[in-house]
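Q: Here is a protein model I would like to go through. Can we take the aromatic residues and ask what earns each label?

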Amino acid sequence: MSVLSPVDTTQADVPLAMAPLGPAQRLYQELLQQPAENLDDARAFLHEQLRQAAALPCDLPGEPADLAAWSRRNAAQVTHQYAAYLEERRNGAGRRYFADRAHALYFLRGVAPTKLVDGAWLHGTLRHWRDTRFTPLVRTFLEELGDGVAAQNHVLLYRRLLASHGCDDLTGLDDAHYLQGATQLALGALAEEFLPEVIGYNLGYEQLPLHLLISAFELDELDIDPYYFQLHVTIDNSATGHAHRAVQAVLDNHPLVADAEDFYRRVSLGYRLNDLGLGSRAVIADFDLERELLEMFERKRGVAGQVHSDYCRIEGRTVNQWLGADEGIASFLSALQRRGWIRRHHDPAESRFWQLVQGERAAMFGVFSLYEQQLLHDWIAGTWERPGTGALSRNGVFRSRHRQPHMPSQERQRPSLQPRENPEQRQLLDELQRLDEARYEARLIELQGPATHWTPAGLLATRLFSELTR
Ligand SMILES: [Fe+2]
Ligand SMILES: [Fe+2]
């Protein structure tokens, strides 16, 4: 299923019919498409997640008053660890996270369900924007949405990043990859009931983690635009950024009359929700190039089984026979190696099989996405010393020692990068003019939901809401 159409549940979702969705992914899709109709499921899910979170250790200070110092200490420690990492690298150590580009792209894809709903846990706080205790949460949410500027909308940035590397098809991701995203969506839909947990979750999510810094550094090294990750290093900072605001939100919402102890207990439970499911480091550690490659070929096998001509035979079998064979794709890849079609641990350009895949004139041009090509490329290359970053260009040509010009962040932030008003935006403006104040506001909030805020109408709604709340 393409992530470029998460609101579309129709024919395009062929894989959904083949493999039933896991519970987290199903809830994720339901809450994206029809949050109001799935609140009971969201509530049951959150109760279960919170039950699990209660069994996890918690490193929050005992007193909320100590949170600001705790957050600063955490940031200082991470900065210190990152300096040590850089020192290690300067002294010749290899990358800590990503063995090759395929590994890095696997990571981008693996955390995509979470990143594609970035900020969603705060959506339910918008209706309280007049209450200044909510200001830190509402401001954080609007910044996640880039205040309606496309070039700064975190979800759009991530969607573009995935698309530019052919990683936008998330077919085959395990249910565990959807757990954090489902949690974020459920919190966003039920903020009224779970406000302390939302505040706690936000506190955990917005602290600066070491993996963010290392990922940004190593992605850049591998010629993958690190902007999305760099942006979070700066925007989530503990002095003035989201981490600071997250602490402020706990302090501001500390109840004066109700049970303060119970509030902080629930904040700490919400905080621990961040530790359930697959985090960034777990996704990185889980990578197995050969397993990914075989799964990719297995997914292709269903459609490719009959389309090859019988002209070419490998060890007496046609390609169609190999693809239809019971023993699976691994035996075909072994035969290709035995017959010299694939020469592992050499420059992939020397493999005839790679020549069929790579380049515009290749017989299998367009069969493999850029991500899939990278898996194949890096698997063939194996221990072969790559001359550059191992990056493939759009037409599959191996790109060595060529760095993509990264857009400087100043340039990205110019409002001129906003999309010009389009028909949907004009229609929205017409519609809004006919609404009274309460309905106007409700409509803007609705359009800032996780499935729509990154569309032209959603971006406009965010800009108008952002103006309203300043
Ligand atoms: Fe973000
Ligand atoms: Fe943030």
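A: First, the overall picture. This is a predicted model. The chain exposes about 21800 Å², and carbon and sulfur atoms supply 51% of that area. Buried residues account for 53% of the 470 residues. The secondary structure comes to 24 helices and 4 strands.

Q: How many aromatic pairs are there?
A: The count is 18 aromatic pairs.

Q: Why is the pair Trp70 and Tyr271 called edge-to-face?
A: Planes over 60 degrees apart count as edge-to-face. The planes of Trp70 and Tyr271 stand at 70°, so the label fits. Their ring centres are 5.8 Å apart, and the limit for a pair is 6.5 Å.

Q: What makes this pair a link between parts apart in sequence?
A: Trp70 belongs to helix α4 (residues 67-90) and Tyr271 to helix α14 (residues 260-272), so the pair ties together parts 201 residues apart in sequence.

Q: How do you know whether Trp70 is buried or exposed?
A: Buried means under 20% relative accessible area. Trp70 has 8%, so it is buried. Tyr271 has 11% relative accessibility, so it also counts as buried.

Q: What kind of aromatic pair do Tyr228 and Phe229 form?
A: Their planes are 80° apart, with 5.3 Å centre to centre, and the pair is edge-to-face. Both residues are buried. Ring pairs also link Tyr228 and Phe229 into a cluster with Tyr97, Phe98, Phe107 and Tyr158.

Q: Which ring does the charged end of Arg352 sit over?
A: The ring of Trp341, 4.0 Å from its centre. The cut-off for distance is 6 Å. Arg317 likewise has its charged end over the ring of Trp322, at 4.5 Å from the centre.

Conventions:
Residues numbered from 1 in each chain as written. Chains lettered and ligands numbered in written order. Predicted model: local features only at pLDDT ≥ 70, side-chain atom pairs only at ≥ 80, totals over all residues. Heavy atoms only, no water. Helix = DSSP H or I, 4+ residues; strand = E, 2+ residues; numbered from the N terminus. Buried < 20%, exposed > 50% of the residue type's maximum accessible area, 1.4 Å probe, protein only. Areas by Shrake-Rupley, 256 points an atom, 1.4 Å probe, with all protein chains shown as cover. Phe/Tyr/Trp six-rings, centres within 6.5 Å; stacked < 30°, edge-to-face > 60°. Lys NZ or Arg CZ within 6 Å of the ring centre and 35° of its normal.
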